Amino acid sequence: MVKQNTKEQILSIEEQIKRLKEKQKRILNNTQKEIGKYLMDSWEVEDVNEAKELIDSFNHQVKSLREASSSKEDNEEEKNFSQKPPKGNSYA
């Protein structure tokens, strides 16, 4: 009886995993559609190929901006960390 219950539990978990993977795929697809629509609306582009060309042409700039922004954030975090005295263990 225990083996059957274990087998049923495993099958139930596998079904849950399958449903969650399907849900994950739907969410990802909806997100991509929403982003694509937003991009095309905000850039006032109707042709998919034109949108792809614009994305490709701006790709390098976007990556550079993201790297610069990330680097700036890292530097600010380091600066803030070094300026704050450590908490606890105060010997004053």
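This is a short talk on the helices, the loop and the surface of one protein model.

Hi everyone, and thanks for coming. Please keep in mind throughout that this is a predicted model. Let me begin with the overall picture. The protein has 92 residues, and 2% of them are buried. It has two helices and zero strands. The exposed surface comes to about 9400 Å², with carbon and sulfur atoms supplying 53% of that area.

Now to helix H1, which covers residues 2–42. Which residue forms a salt bridge with Lys37? The partner is Asp41, and the closest N and O atoms of the pair are 2.7 Å apart. As a bit of background, side chains of opposite charge can pair when their charged atoms come close. Both Lys37 and Asp41 sit in H1, four residues apart, and that is about one turn of the helix. The structure holds one salt bridge, so this pair is the one to look for.

Are these two residues buried or exposed? Lys37 counts as exposed because its relative accessibility is 54%, and the cut-off for exposed is over 50%. Asp41 has 46%, so it counts as partly exposed.

Let's walk on into the loop between H1 and helix H2, where H2 spans residues 48–83. Trp43 is in this loop, and so is Glu44. What is unusual about the phi of Glu44? Glu44 has a positive phi of about 55°, although it is not a glycine. For comparison, most residues other than glycine have a negative phi. Glu44 is also exposed, with a relative accessibility of 73%.

Trp43 is partly exposed, at 36% relative accessible area. It belongs to a nonpolar patch on the surface, together with Ile55, Phe58 and Val62. How much accessible area do these four residues have together? The answer is about 340 Å².

There is a charged patch to find as well. Glu46, Asp47, Glu50, Glu53 and Asp56 form a negative patch on the surface. One of its members, Asp47, is in the loop between H1 and H2. Asp47 counts as partly exposed because its relative accessibility is 39%.

If you want to follow this on the structure, start at the salt bridge between Lys37 and Asp41. Then go to Glu44 in the loop, and finish with the two patches, the nonpolar one with Trp43 and the negative one with Asp47. Thanks for listening!

Key
Residues numbered from 1 in each chain as written. Predicted model: local features only at pLDDT ≥ 70, side-chain atom pairs only at ≥ 80, totals over all residues. Heavy atoms only, no water. Salt bridge = Lys/Arg side-chain N within 4 Å of Asp/Glu carboxyl O. Buried < 20%, exposed > 50% of the residue type's maximum accessible area, 1.4 Å probe, protein only. Areas by Shrake-Rupley, 256 points an atom, 1.4 Å probe, with all protein chains shown as cover. Patch = residues over 30% accessible without salt bridge, like charges linked within 9 Å, V, L, I, M, F, W, Y side chains within 5 Å. Lys, Arg positive; Asp, Glu negative; His and termini not counted. Charge placed at Lys NZ, Arg CZ, Asp CG, Glu CD.
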